[in-house]
Amino acid sequence: MIVYKYLDKKNQTKVQNETSGDFFLQKSLKAIKYPNAFVLPYRNGGKEGCVLTKGGIPIKNTTLHEEFTEYNDVVDKTNCPKIHKNAIFIGTLFSVFGHVITDDIKKIWYLRTKECQKLIEEGADVIYLAWHNIELKSYVSQILEYGGASLSCAICVTKNVQYDNIYVPDDSLIIKGNRRFYTKKFRETIDIIKQKGLTCSLGAKVYRKIYLSRTALHDWRDYGEKKIEKTFEKRGFKIIYPEQIPFSDQIWLYSHCKEIASTEGSLSHMFMFCEPNTQVVLLRKANYVNSYQAMLNSMAGLNVVYIDANRTLSRKHPWDGPFYLYLTQHLKNFLGIKCLYTKWLDIEFYIYLLRYIRVCFVK
């Protein structure tokens with residue numbers, strides 16, 4: 001069930017169109033072998049790293065973003081060492097939490113197959129790229145290991161290289177139009193990660209109502225959330241700062257609560273570890289729909305309430321921020337509170353405006 005009544009009327013149709021319906025894709029996944037293929041890491045100029053065929057053609061599902069279609073670099077075959085082995089490519093990994101629990105794990109299903117295990121037993125390398133060649137944070141390794149992919153046994157490719165054969169698994173998350181779809185293999189990966197987390201945190205505390213906050217991050221893009229956090233706390237929600245607790249404990253907390261709330265984004269992606277029919281409250285911090293979240297809500301079978309809880313000004317890419325959260329009338333109606341509150345008396349609103357002007361107009 002999805003509730004849209006706490007949205008501005010101008011937003012209801014768009015949000016409903018993009019979040020309702022089925023997000024499951026029935027598809028058999030496989031790994032394609034590319035003989036004499038190349039691996040190229042990120043290059044200056046915003047060029048994503050990827051795998052290329054022996055003829056230098058980029059393989060689309062080897063980039064972080066599925067929408068990526070061009071790669072203008074030319075492989076220098078005279079200065080590209082060849083490794084006479086097989087390799088298994090598990091993706092371009094990105095140390096942004098929301099991407100770690102979605103994009104970073106969309107190929108690791110293949111590591112559980114007999115075909116892949118046989119390749120590894122015969123000496124195949126497991127390889128990956130790091131987004132912009134940035135060293136991965138420690139939690140990336142932990143999450144992938146929960147899903148059955150040990151990065152300690154994998155190789156991060158940082159220079160052009162060629163292999164005898166590179167096996168590229170299909171993505172278990174697939175984008176079509178403005179929607180993302182999950183497959184059976186992605187669902188299986190999430191179930192494995194969830195079970196591992198529950199086992200590691202057996203007996204941890206349980207809270208019936210939880211609010212996930214970003215305030216402890218002190219992110220320059222976020223303004224106004226502290227007031228919302230305190231309001232939820234007064235309504236009996238336990239305030240959780242996810243970055244301060246182990247990943248396994250987060251899985252335990254979310255899978256045992258009855259109601260959970262947060263802003264829509266990386267934090268709310270963890271709702272996929274909730275039990276079916278958990279009520280989740282998504283606070284929209286800008287006027288866009290997170291396609292990952294819509295898919296994850298469907299996959300987990302959640303009861304969702306969307307709330308317009310912002311006065312964020314529009315941008316071409318609204319997900320980049322900055323964001324201004326606010327006790328909107330919609331949010332007050334949901335929480336059942338009556339109070340006089342105006343952004344014009346909130347100093348954070350003016351700080352937000354200055355940041356918005358700086359980001360959008362000052363070069």
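How much space lies in the largest cavity? The exercises below lead to this value and to others. The structure is a predicted model, in which local features need pLDDT of at least 70 and side-chain atom pairs count only at pLDDT 80 or more, while totals for chains, interfaces and linings use all residues. Residues are numbered from 1 along each chain as its sequence is written, and side-chain values use heavy atoms, with hydrogens and water left out.

**Exercise 1. Describe the cavities and their linings.**

Solution.

Step 1. Rolling a probe the size of a water molecule over the atoms shows where empty space is left. On a 1 Å grid over the protein atoms alone, a cavity is a set of points where a 1.4 Å probe fits but cannot get out, and lining residues have an atom within 4 Å of a point. Grid points are joined across faces, edges and corners, and a volume is the space filled by probe spheres set on the points.

Step 2. The count gives two cavities of 30 Å³ or more. The largest cavity holds about 40 Å³ of space.

Step 3. The lining of the largest cavity consists of Arg214, Asp222, Tyr223, Glu225, Thr263, Lys285, Phe323, Tyr324 and Leu325. Two elements give two or more residues to this lining: strand 12 (222-223) and strand 17 (323-324). Helices (H or I, at least four residues) and strands (E, at least two) are DSSP runs, numbered from the N terminus.

Step 4. Ala, Val, Leu, Ile, Met, Phe, Trp, Tyr, Cys and Pro count as nonpolar, Asp, Glu, Lys and Arg as charged, and the others, Gly among them, as polar. The lining of the largest cavity then has four nonpolar, one polar and four charged residues.

Step 5. The second largest cavity has a volume of about 30 Å³. Pro41, Tyr42, Gly49, Thr92, Leu129, Ala130, Trp131 and His132 line the second largest cavity. By class, this lining has five nonpolar, three polar and no charged residues.

**Exercise 2. Characterise the largest pocket.**

Solution.

Step 1. A pocket is an open set of points with protein on both sides within 12 Å along at least five of seven lines.

Step 2. In the largest pocket lies about 1500 Å³ of space. Its lining comprises 45 residues, and Val96, Gly98, His99, Gly265 and Ser266 lie nearest the centre.

Step 3. Several helices each supply at least two residues of the lining of the largest pocket, among them helix 1 (9-19), helix 7 (247-256) and helix 9. The classes are 18 nonpolar, 16 polar and 11 charged residues.

**Exercise 3. Follow helix 9 from its start to the residue after it.**

Solution.

Step 1. At the start of helix 9, a side-chain oxygen of Asn290 reaches to within 3.0 Å of the backbone nitrogen of Tyr292.

Step 2. Helix 9 spans residues 291-300, and nine of its 10 residues are buried. Buried means under 20% relative accessible area, exposed over 50%, and partly exposed in between (1.4 Å probe, protein chains only). Among the buried residues are Ser291, Tyr292, Met295 and Ala300.

Step 3. Gly301 follows helix 9 and has a positive phi, near 70 degrees.

**Exercise 4. Classify two aromatic pairs.**

Solution.

Step 1. A pair of aromatic rings is described by the distance of the centres and the angle of the planes. Rings of Phe, Tyr and Trp (its six-membered ring) pair if their centres lie within 6.5 Å; planes under 30 degrees apart count as stacked, over 60 as edge-to-face and the rest as tilted.

Step 2. The whole structure contains 21 aromatic pairs. The ring centres of Phe232 and Phe237 are 5.0 Å apart and the planes stand at 85 degrees, so this pair is edge-to-face. Phe232 is buried at 0% relative accessibility, and Phe237 is buried at 5%.

Step 3. For Tyr288 and Trp319, the centres are 5.8 Å apart and the planes are at 70 degrees, so this pair is also edge-to-face. The pair links distant parts of the chain, 31 residues apart: Tyr288 lies in the loop between strand 15 (279-284) and helix 9, and Trp319 in the loop between strand 16 (303-308) and strand 17. Tyr288 is buried, with a relative accessible area of 14%, whereas Trp319 is partly exposed at 45%.

**Exercise 5. Locate Cys80 in the chain and in space.**

Solution.

Step 1. Cys80 is in the loop between strand 4 (50-52) and strand 5 (82-93). Its relative accessible area is 9%, so Cys80 counts as buried.

Step 2. Cys80 and Asn160 are 80 residues apart in sequence, while their C-alpha atoms are 5.8 Å apart in space.

Terms used. A polar contact is a pair of N or O atoms within 3.5 Å; within protein, one must be able to donate a hydrogen and the other to accept it, and residues adjacent in sequence count only if both atoms are side-chain atoms.
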